[in-house]
Amino acid sequence: MKNIKWVNILLSVCSIGIFVVLWVVLAGQEGSMVPTPAATLEKFLQIMADPIANATLPAHIWASLQRVLIAFFFAVVLGVALGIGIGWSKSFNALFGPLFEMLRPIPPIAWIPVIILWFGIGELSKWVIVFIGSFVPIVLNTSAGIRAIDPLMISAGKVLGANRKQLLVDVAFPATIPAILAGIRTALSSGWMCVVAAEMIVARQGVGFLIVRGQESGDTALIVVCMLAIGVVSFLLSTILQKMEGVLCPWQFSETKL
């Protein structure tokens, strides 16, 4: 198993190395608009020290992260509740399921003009946009997890005398945790995409704001730095959620898996 672990680490390093090589090749083409890794690193060090719009890169990342986490919290609470209701109760599904299915295919970005008209250009509008983007994956995964529960587990609970509330709390919900966490990880990525899109339209701070600033000034190195920052932060958050999943659902990460 240790050999497999080291092989996987080596494969990860190789994939990053291939990415860097391709980056260097593309940047070295005549007339290429892709900044070199060296130019990107120089821009990164510059905006770490010299503020843009009265904020350095960490401050812009924190501004975006705050918007994501605030909206994400409400998306998790309400999304899990709605997903459980849709998956567990036929009456609840009949009441709210059609409305959710009608609104679900609408891309979060399509809501941006309406949200700005309703809530203005302040922080609330950005929270709402991120909420919409994060809410849907959580509801879908939670409801699918509830419906996928082995009927034998429910039958066993009934045999032991559990009522409907006990079946939901003690049997169905624990069995649905892996699906909920998978939905949360997907929702987190979607939330990042939405906050960047919202900031690119109207914001004074944030990673999306920096991307627009780089576009307006023709600073491709700034754009690439922001794109990499989004990827790194998203990776770190996803890793944290994966560790949580390993603690809450250890059977999902059995050492026997290759």
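These exercises work through the fold, a core, a pocket and three single residues of the chain above.

The model is predicted: local features need pLDDT of at least 70, side-chain atom pairs count only at pLDDT 80 or more, and totals for chains, interfaces and linings use all residues. Residues are numbered from 1 along each chain as its sequence is written, and side-chain values use heavy atoms, with hydrogens and water left out.

**Exercise 1. Describe the overall fold.**

Step 1. Count the elements. The protein chain has ten helices and zero strands. Helices (H or I, at least four residues) and strands (E, at least two) are DSSP runs, numbered from the N terminus.

Step 2. Take the dimensions. The C-alpha trace spans about 70 × 55 × 30 Å along its principal axes.

Step 3. Check burial. Of the 258 residues in the protein chain, 38% are buried. Buried means under 20% relative accessible area, exposed over 50%, partly exposed in between (1.4 Å probe, protein chains only).

Step 4. Check contact range. A contact means heavy atoms within 4.5 Å. Among contacts between residues at least 6 apart in sequence, 71% join residues at least 24 apart.

**Exercise 2. Compare the record with the model.**

Step 1. Read the domain. An unreviewed UniProt entry lists "domain: ABC transmembrane type-1" at residues 61-241. UniProt positions are in the numbering used here, feature names are shortened, and annotations may be inferred rather than shown by experiment.

Step 2. Look at that span. Residues 61-241 are 86% helix and 0% strand, with the end C-alpha atoms 19 Å apart.

Step 3. Take two of the spans that UniProt marks "transmembrane region", 68-89 and 101-121. Residues 68-89 are 95% helix, and their end C-alpha atoms are 30 Å apart. Residues 101-121 are 52% helix, with end C-alpha atoms 28 Å apart.

**Exercise 3. Find the centre of the largest nonpolar core.**

Step 1. Define it. A nonpolar core is a set of buried Ala, Val, Leu, Ile, Met, Phe, Trp, Tyr and Cys residues joined through side-chain atoms within 4.5 Å.

Step 2. Pick the best-connected members. Of the 57 residues, F100, I138, I184 and W192 touch the most other members. Helix α8 gives the most to this core, with 14 residues.

Step 3. Follow F100. Beyond its neighbours within four places in sequence, F100 is in contact with L82, I86, F135, V136, V139 and L140.

**Exercise 4. Characterise the lining of the second largest pocket.**

Step 1. List the lining. L82, F96, L99, F100, L103, R104, I106, W111, F131, I132, F135 and V136 line this pocket. Helices α4 (90-103) and α6 (123-147) are the elements that give two or more residues.

Step 2. Sort by class. The lining has eleven nonpolar, no polar and one charged residues.

**Exercise 5. Place H60, S190 and G120: buried or partly exposed?**

Step 1. Start with H60, found in helix α3. H60 is buried, because its relative accessible area is 0%. Not counting residues up to four places away in sequence, H60 touches I52, A53, A55, R204, Q205, G206, V207, F209 and L210.

Step 2. Move to S190 in helix α8. S190 is buried, with a relative accessible area of 13%. Outside residues up to four places away in sequence, S190 touches G133 and S134.

Step 3. Finish with G120, in the loop between α5 and α6. At 25% relative accessibility, G120 counts as partly exposed. G120 and V202 are 82 residues apart in sequence, yet 9.9 Å apart in space, C-alpha to C-alpha.

Note on methods. 1 Å grid on protein atoms, 1.4 Å probe; cavity = no way out; pocket = protein on both sides within 12 Å on 5 of 7 lines; lining within 4 Å. Nonpolar A, V, L, I, M, F, W, Y, C, P; charged D, E, K, R; others polar.
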